Amino acid sequence: MDNIAENIERVNALLLDNVSLVAVSKTKPMLYIEQAYQAGQRLFGENKALEMREKYYALPKDIEWHFIGHLQTNKIKYIAPFVALIHSIDSLDLLEEVNKYAKKNNRIIPCLLQIYIAKEETKYGLLPIEAEEIFKSKSYLQLENIKICGLMGMATNTENSEQIRTEFAMLKSYFDRIKIEYFKDEKSFKEISMGMTDDYGIAIEEGSTMVRVGSGIFGSRIYL
Ligand SMILES: *Cc1c(COP(=O)(O)O)cnc(C)c1O
């Protein structure tokens with residue numbers, strides 16, 4: 001655990017200026033997060049709403065909490081008061097529900113659309129055409145309490161780095177196209193959340209603006 005500060009420093013040294021680091025603390029105890037916080041880390045990623053809420057209440061209030069997992073609509077209420085960015089919007093229905101709870105909390109919640117780029121059946125996400133259908137829909141235009149700030153994607157879990165690179169490059173090109181088509185004058189549409197412990201180097205080379213690193217900072221996760 002004493003490596004946490006060192007690990008953060010090592011990852012930060014590899015990031016370009018415009019890339020931010022989300023330290024993925026899911027399943028990890030508060031103590032680990034406090035260590036990272038002491039080392040200057042302020043962005044943390046969680047994938048369970050209740051776990052995130054518990055940590056939010058216990059830990060310093062200048063932490064930015066990023067939700068990175070599959071979000072069930074009945075759990076939005078737990079994170080809506082404070083979540084800094086939801087990386088994993090994968091349907092218009094979910095976006096509408098987030099908007100509803102954002103409104104109840106009198107805030108605008110920044111969101112990314114999760115785009116399906118992997119060659120694996122198991123990962124959540126939208127096809128690019130489905131993302132465009134959202135931007136074209138009438139109901140999307142009425143959502144005043146969410147802001148779409150970019151896209152997120154996860155590459156295939158493979159040793160084949162060329163395949164990973166191709167998938168990240170694909171996400172970058174979707175981002176560029178969607179930006180031109182739908183967000184031309186919106187400075188806030190700027191994030192490409194891609195890259196995890198095993199592939200963040202490639203992701204940065206392919207244009208990532210936000211990497212989500214868990215085991216590379218906190219050690220491997222044990223699921224009981
Ligand atoms: C767990 C998780 C990560 C971090 O994974 P590591 O391989 O431990 O870096 C990143 N993104 C998402 C969506 C995750 O669920």
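This report describes a predicted model of a protein with a bound ligand, moving from the ligand site to the core and then to selected residues.

## The ligand and its surroundings

The shell around the ligand consists of Val-24, Lys-26, Ile-68, Met-152, Met-154, Met-196, Thr-197, Arg-212, Val-213, Gly-214, Ser-215 and Arg-221. Sorted by class, this shell comprises six nonpolar, three polar and three charged residues.

Three of the surrounding residues place polar atoms close to oxygen atoms of the ligand. In the side chain of Thr-197, an N or O atom is 2.4 Å from a ligand oxygen. Ser-215 takes part through its backbone, a polar atom of which is 2.8 Å from an oxygen of the ligand. Arg-221 contributes a polar side-chain atom, again 2.8 Å from a ligand oxygen. The ligand taken alone would expose 390 Å², and the protein buries 90% of that area.

## Gly-214, a member of the ligand shell

Gly-214, one of the residues that surround the ligand, is located in the loop that connects β8 (210-213) with α10 (215-218). Its relative accessibility is 6%, so Gly-214 counts as buried. Apart from neighbours within four places in sequence, Gly-214 is in contact with Val-24, Thr-197, Gly-219 and Arg-221. Among these partners, Val-24, Thr-197 and Arg-221 also belong to the ligand shell.

The position of Gly-214 also brings together distant parts of the chain. Gly-214 and Val-22 are 192 residues apart along the chain, yet their C-alpha atoms are separated by 8.3 Å.

## Ser-193 and its contact with Arg-212

Ser-193 belongs to strand β7, which covers residues 191-193. Its relative accessible area is 0%, and Ser-193 is therefore buried. The side chain of Ser-193 forms a polar contact of 2.9 Å with the side chain of Arg-212, and Arg-212 is itself among the residues around the ligand.

Beyond its neighbours within four places in sequence, Ser-193 is in contact with His-87, Leu-112, Leu-151, Met-152, Gly-153, Leu-171, Met-210 and Arg-212. Of these, Met-152 is another residue of the ligand shell.

## The nonpolar cores

The largest nonpolar core contains 65 residues, and those with the most contacts inside it are Ile-86, Val-98, Tyr-140 and Ile-148. Tyr-140 illustrates these connections: leaving out residues up to four places away in sequence, Tyr-140 touches Leu-92, Leu-95, Ile-134, Phe-135, Ile-146, Ile-148 and Phe-183. A second core, separate from this one, has seven residues, including Val-22, Leu-85, Cys-149 and Met-152. Met-152 thus appears both in the second core and in the shell around the ligand.

## Helix α2 and the loop that follows

Gln-38 is part of helix α2. With a relative accessible area of 67%, above the 50% cut-off, Gln-38 is exposed. Gln-38 and Ile-4 are 34 residues apart in sequence, while the distance between their C-alpha atoms is 9.9 Å.

Gln-41 is situated in the loop between α2 (30-38) and β2 (43-46). In contrast to Gln-38, which is exposed, Gln-41 is buried, its relative accessible area being 5%. The side chain of Gln-41 reaches the backbone oxygen of Leu-21 at a distance of 2.8 Å. Not counting neighbours within four places in sequence, the contacts of Gln-41 are Ile-8, Leu-21, Val-22, Ala-23 and Ala-36.

## Other loop positions

Two residues combine a loop position with a positive phi angle. Thr-27, in the loop between β1 (20-24) and α2, has a phi of about 70 degrees although it is not a glycine. Thr-27 has a relative accessibility of 36% and so counts as partly exposed. Asn-106, in the loop between α5 (92-104) and β5 (109-115), has a positive phi of about 60 degrees and is likewise not a glycine. At 70% relative accessibility, Asn-106 counts as exposed.

Pro-81 is found in the loop between α4 (76-79) and β4 (85-89). Its relative accessibility is 40%, so Pro-81 is classed as partly exposed. Setting aside residues up to four places away in sequence, Pro-81 touches Asn-105 and Arg-107. Pro-81 and Glu-97 are 16 residues apart in sequence, and their C-alpha atoms are 14 Å apart in space.

Conventions:
Residues numbered from 1 in each chain as written. Predicted model: local features only at pLDDT ≥ 70, side-chain atom pairs only at ≥ 80, totals over all residues. Heavy atoms only, no water. Near = heavy atom within 4 Å. Polar contact = N/O pair within 3.5 Å; in protein donor to acceptor, adjacent residues only side chain to side chain. Areas by Shrake-Rupley, 256 points an atom, 1.4 Å probe, with all protein chains shown as cover. Nonpolar A, V, L, I, M, F, W, Y, C, P; charged D, E, K, R; others polar. Helix = DSSP H or I, 4+ residues; strand = E, 2+ residues; numbered from the N terminus. Buried < 20%, exposed > 50% of the residue type's maximum accessible area, 1.4 Å probe, protein only. Contact = heavy atoms within 4.5 Å. Core = buried A, V, L, I, M, F, W, Y, C linked by side-chain atoms within 4.5 Å.
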